[in-house]
Each structure stands twice: as C-alpha cells, then as structure tokens.
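I opened this entry to keep a record of what I looked up in the structure, going from the whole chain down to single residues.

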Amino acid sequence: MVVVIATDAPIGVALNTAALLGVGLGRHHDDTVGADTVDASGARHTGMCAYPIPVLRASAEQLHTLRAQAASRADITIHDMTQVAQQARTYDQMSTTLSGTKPEDIQYLGLALYGPRPSIDSLTGALPLYR
C-alpha cells in the first residue's frame, strides 16, 4: 500500500487528498483496518490501519504514468483523487463532470495503490517521500 500525492498540490489539498484516499482504501479493503483496542483503563480505541502507508510525491506527469502502469496490473487496486473531485460541491456533480472528462484531461491530485508489496515497490520505488 502506498499513497502518492501531486508535488504541486497546496498543503491543504495534499492533506485532504491523503485523507480521502485513506478512506477509500479502508472502505474497499477490509484487511487494512485492525481491530479495536483498549488502553490500560479499559477505554476503547477504534481500529487503525494495520499496515504502514508510505506517502510519496510525484509530478502530474508521473501520476498519469503511474496510474496507467498500475491499471495494467491485475494485482493492484487504484484509488484516485482528481481535480474534478476536489472542485465538485457534491458527489453527483463530480461523477457527472468526470464522466465527460477525457482520460488525458484528468488532473490527478493523488493515487493510493493497494496490492502485493513487490508490485507496489516496482512501480513506486523511485519516488521520494512526501516531506
């Protein structure tokens, strides 16, 4: 699992993108969220992600290429965040706008890739950490 954020995304957009991609991962991959835990007083804490999720950076061009490469692999699931989604006021508006957008015109703000570590590493191993 890895999250890749657009290098030129403003910090607020980058944080929002990472959060939304995390929600997508959690919703579609039940094994990513661990069981609830308790502290020494018995207070319950909801389950957290059971795996580390590196957050990397990539240019707009790299995000397009990465998404295309990941889409060609059956063992990888792609969750993406687009400029269309970020600017939409409702989910319906986003869906309608995106359905009329050519693939080459989509601006990706980030991607989350889920799959076997060797497959993910082969695609993202050269990308720098988001710092």
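The notes below cover the chain as a whole, then the sheet, then the helices, and then two alanines.

**Entry 1, the chain as a whole.** I note at the outset that this is a predicted model. I counted five helices and six strands in the secondary structure of the chain, and reading from the N terminus I wrote down their succession as β-α-β-β-β-α-β-α-α-β-α. The C-alpha atoms, taken along the principal axes, fill a box of roughly 55 × 35 × 30 Å. Of the 131 residues, 31% count as buried, and the accessible surface comes to about 8100 Å², with 54% of that surface belonging to carbon and sulfur atoms. I also looked up how the contacts are spread along the sequence: among those with a separation of 6 or more, 74% are accounted for by residues 24 or more positions apart. For the charges, I found 9 positive and 12 negative side chains, the centres of the two sets lying 3 Å apart.

**Entry 2, the sheet.** In what order do the strands of the open sheet run? I read the order as E4-E1-E6-E5, four strands with mixed pairing. Strand E4 (55-58) and strand E5 (77-82) stand at the edges, and since each has a single partner strand, one side of each is left without a neighbour in the sheet. From one strand to the next, the twist averages 20°.

I then went through the pairings of strand E6. Strand E1 (residues 2-6) and strand E6 (residues 108-114) run antiparallel and are joined by four bridges; within this pairing I located Ile5 opposite Gly110 of E6, and Val4 with Leu111 of E6 as its bridge partner. On the E5 side, E5 and E6 also pair in the antiparallel sense, over six bridges, and there Asp80 stands opposite Leu111 in E6. Leu111 therefore appears in my notes twice, as the bridge partner of Val4 and as the residue opposite Asp80. When I checked the cover of E6, I found seven of its seven residues buried.

**Entry 3, helices on the sheet.** Which strands does helix H1 lie across? Helix H1 (residues 11-28) lies across E1, E5 and E6, and runs at about 150° to E5. Helix H5 (residues 117-124) also packs on the sheet, where I recorded that H5 touches E1, E4 and E6, with a direction that makes about 150° with that of E6.

**Entry 4, two alanines.** Is Ala6 buried or exposed? Ala6, which lies in strand E1, has 1% relative accessibility and, as this is under the 20% limit, counts as buried. Leaving aside residues up to four places away in sequence, I listed Ala58, Leu63, Tyr108 and Leu109 as the residues that Ala6 touches. I also took the distance from Ala6 to Glu61, which is 55 residues away in sequence, and found 9.4 Å from C-alpha to C-alpha.

For Ala60, which lies in helix H2 (residues 60-71), I found a relative accessible area of 43%, so this alanine is partly exposed, falling between the limits of 20% and 50%. Ala60 and Gly26 are 34 residues apart along the chain, and their C-alpha atoms are separated by 25 Å.

Key:
Residues are numbered from 1 along each chain as its sequence is written. This is a predicted model: local features need pLDDT of at least 70, side-chain atom pairs count only at pLDDT 80 or more; totals for chains, interfaces and linings use all residues. Side-chain values use heavy atoms; hydrogens and water are left out. Two strands pair if DSSP finds at least two bridges between them. Axes are lines fitted to C-alpha atoms, for helices over the stretch in contact, and angles run from 0 to 180 degrees between N-to-C directions. Contact means heavy atoms within 4.5 Å. Buried means under 20% relative accessible area, exposed over 50%, partly exposed in between (1.4 Å probe, protein chains only). Accessible areas come from the Shrake-Rupley method with a 1.4 Å probe; for residues, only the protein chains shown count as cover. Lys and Arg count as positive and Asp and Glu as negative; His and the chain ends are not counted. The place of a charge is taken as NZ of Lys, CZ of Arg, CG of Asp or CD of Glu.
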